[in-house]
Amino acid sequence: MDPVHLRTLRELGDRGSVAAVAAALHVSASAVSQQLAHLQARVPVPLTARRGRVLTLTAAGEALAAAGTRVDEALTAAREAVGAFLDSDERPVRVSAFHSAGLALFGPLLRELDGIPPLHLADADVAHRDFPGLTADHDLVIAHRLAHDEPWPADRVVATPLLSEALDIALPAAHPLARRERLRADDVAGERWVSVHPGFPLAGVLDHLAAHVGRPLDIAHRINEFSVTAEVVRAGAAIAVLPRTTALPLAGAGLVLRPLVDLPLVRHVDALARPDALAYAAVRRVLAALRTVAARATDAAG
């Protein structure tokens, strides 16, 4: 099997359409279709299936795409073995992060690496299921998940834990509950809330809290960007759940964070990468630096 054809199949699985694969690989849509057809001719079971106007991978296609990932990893490692990319600090490394992680980690990461290797940074806050797909365009994807979320697909990405952070209740500093060092779920269940949009990781936190107290919460606002949420909380319009470590820069100046003692809330922040991306020395160096700055952020948040 041609590794190029295997890569095309994997790209289809990650990007979801022939047109998106063609744009990413800088080829025509017909060329993508031809490569898939050549691959299909060598396999006795269907690799793709059409659902309406969308071409998707079958179970066999997903299995072969996962095997193609290991082929790419082996080929990249082989090139490194002969010195093509050995310890190169010139290759730019593309890093994506959801918003609050970018706020907390991008600045320290840039200072830690001091330009070697060069970084291309991007922000991308997506639903939990969509984070692995971002590795199609980025060497490292900083993603977050709750304890009850599905694990990252091990056949597609390598997940490196960066930090586990508590989720606290964000209150206006003038709120009567702000005088307490710790809160209980019943203390805050009757408040008006800011939540993220449905489908995003932290939406499940308020669902969990509502189930714990046995009644629905009053969701007044839907805002994904924590810096905007912080301003709404400061204005006294609602309260919210904010992460203790990555949202630490937002605390103070009219906003306080308080833990729930009867309902510990935690989210996990991980770095996702395709296995073949980690074959590059520059990517591994950036990942090591990310782990260092994440550990410092955890220490700073106590």
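Visitor: What percentage of the 302 residues in the protein is buried?
Guide: Buried residues make up 49% of them. Buried means under 20% relative accessible area, exposed means over 50%, and partly exposed is in between (1.4 Å probe, protein chains only). This is a predicted model: local features need pLDDT of at least 70, side-chain atom pairs count only at pLDDT 80 or more, and totals for chains, interfaces and linings use all residues. Residues are numbered from 1 along each chain as its sequence is written, and side-chain values use heavy atoms, leaving out hydrogens and water.

Visitor: How many helices and strands does the protein have?
Guide: There are nine helices and eleven strands. Both are DSSP runs, numbered from the N terminus: helices are H or I with at least four residues, strands are E with at least two. The C-alpha trace spans about 70 × 45 × 30 Å along its principal axes.

Visitor: Why is Thr245 called buried?
Guide: Its relative accessibility is 7%. The limit is under 20%, so Thr245 counts as buried. Thr245 sits in the loop between β9 (239-243) and β10 (255-258).

Visitor: Which residues is Thr245 in contact with, leaving aside neighbours within four places in sequence?
Guide: Leu163, Glu165, Ala297, Thr298 and Ala301. Contact means heavy atoms within 4.5 Å. Across the protein, take contacts between residues at least 6 apart in sequence: 74% of them join residues at least 24 apart.

Visitor: Why does Pro198 count as exposed?
Guide: Pro198 has a relative accessible area of 59%. Exposed starts over 50%, so the label fits. Pro198 lies in the loop between β7 (192-195) and α7 (203-213). Not counting residues up to four places away in sequence, Pro198 touches Ala203 and Arg222.

Visitor: What makes Arg7 partly exposed?
Guide: Arg7 has a relative accessible area of 39%. That value falls between the two cut-offs, so Arg7 is partly exposed. Arg7 lies in helix α1. Beyond four places in sequence, Arg7 touches Leu25 and Asp72. Arg7 and Asp72 are 65 residues apart in sequence, with 7.8 Å from C-alpha to C-alpha.

Visitor: How do you know that the span of helix α5 agrees with its number of residues?
Guide: The expected span is 1.5 Å times one less than the number of residues. Helix α5 (residues 99-113) has 15 residues, so 21 Å is expected, and its end C-alpha atoms are 21 Å apart.

Visitor: Where does α5 bend, and by how much?
Guide: At Leu105, by about 40°. The bend at a residue is the angle between axes fitted to the seven residues ending there and the seven starting there. A proline, Pro108, follows within four residues.

Visitor: Which residues of α5 are buried?
Guide: Ser100, Ala101, Gly102, Ala104, Leu105, Phe106, Leu109 and Leu113. Gly107 also lies in helix α5. Its relative accessibility is 24%, so Gly107 counts as partly exposed.

Visitor: What is the phi of Asp114, which follows α5?
Guide: Phi of Asp114 is positive, about 55°, although Asp114 is not a glycine. Most residues other than glycine have a negative phi, and most peptide bonds are trans. Asp114 is exposed, with a relative accessible area of 64%. Another positive phi, near 60°, belongs to His26. His26 lies in the loop between α2 and α3 (29-41).

Visitor: What kind of peptide bond joins Ile116 and Pro117?
Guide: A cis bond, with omega about -5°. Pro117 is in the loop between α5 and β4 (119-123).

Visitor: What volume does the largest pocket have?
Guide: About 440 Å³. A pocket is an open set of points on a 1 Å grid over the protein atoms alone, where a 1.4 Å probe fits, with protein on both sides within 12 Å along at least five of seven lines; lining residues have an atom within 4 Å of a point. Points are joined across faces, edges and corners, and the volume is the space filled by probe spheres set on them.

Visitor: Which of its 23 lining residues are closest to the centre of the largest pocket?
Guide: Arg7, Arg10, Arg94, Arg274 and Asp276. Helix α1 gives the most to this lining, with six residues.

Visitor: How many residues of that lining are nonpolar, polar and charged?
Guide: Eight are nonpolar, three polar and twelve charged. Ala, Val, Leu, Ile, Met, Phe, Trp, Tyr, Cys and Pro count as nonpolar; Asp, Glu, Lys and Arg as charged; the others, Gly among them, as polar.
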